[in-house]
Amino acid sequence: MIAIIDYDAGNLTSVSRALFHINVENVITNDIKLIDSAQRIIFPGVGAAGSAMQSLIRLGLDDAIRRAVDSGKPVLGICLGTQIILQKSRENQAKCLGIIDGSVRAFSEIFASKKIKGLKIPHMGWNRIDLKTDHPVFSGLKKNDEFYFVHGYYPLPDNLSQVIATTDYGIAFPSVIGMNNLVATQFHPEKSGNSGLTILKNFSKWAPC
Amino acid sequence: MGAMLSKRIIPCLDVREGRTTKGIKFKNNVNIGDPVEMALMYYEAGADEIVFYDITASHEKRDIMIDVVRKVAETIFIPFSVGGGIRTLDDMRDVLLAGAEKVSVNSAAVKNPDIIAQGAAAFGNQCIVLGMDVKHVGKSEKIPSGYEIVINGGRKYMGMDALAWALKAQALGAGEICLNSIDADGTKDGYELTLTELISSRVDIPVIASGGAGHPVHLRDVLKQGKADAALIASMVHYGTYTISDIKSYLDNEGVNVRSTW
């Protein structure tokens with residue numbers, strides 16, 4: 001059973017529906033016991049970092065996510081869920097979970113400092129990923145497969161070996177990050193057609209060592 | 001390093017009481033099918049996103065559309081938006097909870113711009129699309145861009161400048177603009193390039209061009225010259241004149257970045 005963590009951050013049903021479509025049992029929950037006992041965790045999210053962190057803390061889910069990562073069970077972060085794994089976010093200057101060292105940056109600021117003009121924010125639409133390493137969750141993809149993004153901020157781990165893939169949008173930003181049993185995508189696999197469903201299917205079978 | 005973000009090709013389905021139609025200049029709509037089946041067909045054919053416009057006249061029958069949205073969300077796994085008749089935060093919540101990625105507001109936002117800010121605060125900017133219906137009226141003191149906002153299918157002029165409205169909606173929290181030229185809509189003679197370029201080059205949020213698509217060259221022109229981030233298409237694919245693959249192959253050959261695998 002996969003537990004999808006419910007912390008009032010956007011529409012979580014799309015992740016659930018995509019999993020049911022590929023015959024993977026799942027439950028949307030904020031029940032800490034259920035999360036502790038689940039074999040796998042998905043940590044999605046749409047919205048702003050500040051209010052998301054407040055909800056996580058209020059519901060006691062911040063520690064549940066840290067426990068899941070520490071336990072060694074597979075954990076998948078998606079979009080805002082991915083950003084919150086880092087230490088802090090430029091968005092609302094929010095203090096985040098600190099599971100991965102690093103911070104969440106704003107496209108607007110990097111574009112201004114590098115004098116990159118003409119790129120819309122949010123980065124919205126389909127883009128490719130450039131895998132830095134073989135990863136079981138990303139097996140079976142076609143070379144030019146694209147994924148659906150919608151975000152104005154991006155994750156930047158301190159340790160670049162935790163960058164699994166990058167995507168080009170003015171800069172090459174980390175679009176998949178992770179370590180050990182944790183993998184986290186800035187894009188939405190549940191909205192990325194067959195290539196996204198492949199990733200969800202791989203995650204549902206992933207046995208990190 | 002350049003941006004590799006693909007330009008999006010977005011079929012638009014007009015839905016009335018649970019069935020799809022295609023209006024020519026908003027008149028003489030004909031019934032051509034089941035929106036869930038058509039969404040699946042376009043999903044499998046490589047659409048990057050789908051837009052639904054609910055043109056159901058009566059507010060009492062809006063539940064039919066919510067049911068369509070729910071079924072579409074179980075069937076396709078790409079983003080889709082719903083517009084038409086969205087007047088309140090509750091209307092927005094209904095379609096988003098039913099599984100739509102985005103909701104678009106048009107005349108309700110013209111009458112009450114604050115709905116954009118309220119929607120963005122409640123659901124996030126990325127959920128809120130501003131639909132704009134625009135007519136060329138020539139430059140004047142009141143309409144400096146020469147393009148005016150209209151509602152009611154182009155019948156009512158609102159005395160608002162299209163560019164000023166786009167910038168205001170962005171400031172209020174709109175995450176995207178769907179820009180429809182009433183002059184071009186239904187003509188199949190091509191998008192309104194001057195209007196699209198004017199708006200898209202001035203706002204920071206993505207712009208979907210709408211109205212006038214009849215040939216793949218029109219998409220090339222609006223995505224390159226018009227600087228649109230996405231192009232809405234309807235009759236050119238609904239009646240089987242072109243497939244999405246045909247359009248994307250053409251665009252790829254013309255040097256437009258499009259998603260080529262699905």
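Let me begin with B:Lys188, which is found in chain B, in the loop between strand E10 (176-181) and H7. In this predicted model, the phi of B:Lys188 is near 60°, which is a positive value in a residue other than glycine. As a reminder, most residues other than glycine have a negative phi, and most peptide bonds are trans. B:Lys188 has 16 C-beta neighbours inside 10 Å and therefore counts as partly exposed.

Chain A offers a case to set beside that one. The phi of A:Asn92 is likewise near 60°, again a positive value in a residue other than glycine, and A:Asn92 sits in the loop between strand E5 (88-89) and strand E6 (94-95) of chain A. With 14 C-beta neighbours inside 10 Å, A:Asn92 also counts as partly exposed. While we are on backbone geometry in chain A, please look at the peptide bond from A:Ile121 to A:Pro122, which is cis, with an omega near 5°; A:Pro122 is placed in the loop between helix H6 (107-113) and strand E8 (123-128) of chain A.

Let me return to chain B and to the helix that ends the loop of B:Lys188, namely H7. Two packed helices are described by the angle between their axes and the distance between the axes. For helix H6 (residues 162-172) and helix H7 (residues 193-202) of chain B, the axes come within 10 Å and cross at roughly 30°, and since angles under 35 degrees count as roughly parallel, H6(B) and H7(B) are therefore described as roughly parallel to each other. The crossing of H6(B) and H7(B) is right-handed. On the H6(B) side the residues that meet the partner helix are B:Ala162, B:Leu163, B:Ala166 and B:Leu167, and on the H7(B) side they are B:Leu198, B:Ile199 and B:Arg202. By class, this contact of H6(B) with H7(B) has six nonpolar residues, one charged residue and no polar ones.

A second helix pair in chain B is H3(B) with H5(B), whose axes are 10 Å apart and which pack at an angle of about 40°. H3(B) and H5(B) are therefore oblique to each other, and their crossing is right-handed. The contact is formed by B:Leu89, B:Met92 and B:Leu96 from H3(B), together with B:Gln118, B:Gly119, B:Ala122 and B:Phe123 from H5(B). These residues divide into five nonpolar and two polar, with no charged residue in the contact of H3(B) with H5(B).

Staying with H3(B), which of its residues are buried? They are B:Asp91, B:Met92, B:Val95 and B:Leu96, and, seen down the axis of H3(B), these buried residues fall within an arc of 125°, so they line one face of the helix. That pattern can be read against the general rule that an α-helix has 3.6 residues a turn, so residues three or four places apart point the same way. The buried residues of H3(B) pack against H2, strand E5 (80-83), strand E6 (102-105) and helix H5 (114-123) of chain B. After H3(B) comes B:Gly99, with a positive phi near 125°.

H3(B) also brings us to the partner chain. The contact between the two chains takes 29 residues from chain B and 36 residues from chain A, and helix H2 (62-75) and helix H3 (89-97) of chain B each supply at least two residues of the side that touches chain A. That side of chain B has 13 nonpolar, eight polar and eight charged residues.

On chain A, I would point to helix H4 (residues 61-71), where A:Leu61, A:Ala64, A:Ile65, A:Ala68 and A:Val69 are buried. Viewed down the axis of H4(A), the buried residues fall within an arc of 135°, so they line one face of the helix, whereas A:Asp63, A:Asp70 and A:Ser71, on the other side of H4(A), are exposed. The elements covering the buried residues of H4(A) include strand E1 (2-5), helix H3 (49-58) and strand E14 (182-185) of chain A. Just after H4(A), A:Gly72 takes a positive phi of about 95°.

Finally, consider A:Ile164, which lies in strand E12 (residues 163-169) of chain A and, with 23 C-beta neighbours inside 10 Å, counts as buried. Leaving aside neighbours within four places in sequence, A:Ile164 is in contact with residues including A:Leu131, A:His135, A:Val176 and A:Val183. A:Val183 is 19 residues from A:Ile164 along the chain, and their C-alpha atoms are separated by 8.4 Å.

Definitions and conventions. Residues are numbered from 1 along each chain as its sequence is written. Chains are lettered from A and ligands numbered from 1 in the order in which they are written. This is a predicted model: local features need pLDDT of at least 70, side-chain atom pairs count only at pLDDT 80 or more; totals for chains, interfaces and linings use all residues. Axes are lines fitted to C-alpha atoms, for helices over the stretch in contact, and angles run from 0 to 180 degrees between N-to-C directions. Helices (H or I, at least four residues) and strands (E, at least two) are DSSP runs, numbered from the N terminus. Angles under 35 degrees count as roughly parallel, over 145 as roughly antiparallel, 65 to 115 as roughly perpendicular and the rest as oblique. A crossing is left-handed if the near helix is turned anticlockwise from the far one by less than a right angle, and right-handed if clockwise. Two residues are in contact if their C-beta atoms, placed from the backbone, lie within 7 Å. Ala, Val, Leu, Ile, Met, Phe, Trp, Tyr, Cys and Pro count as nonpolar, Asp, Glu, Lys and Arg as charged, and the others, Gly among them, as polar. A residue is buried if 20 or more other C-beta atoms lie within 10 Å of its own, exposed if 12 or fewer, and partly exposed in between; C-beta atoms are placed from the backbone. The arc is that of the directions from the helix axis to the C-beta atoms.
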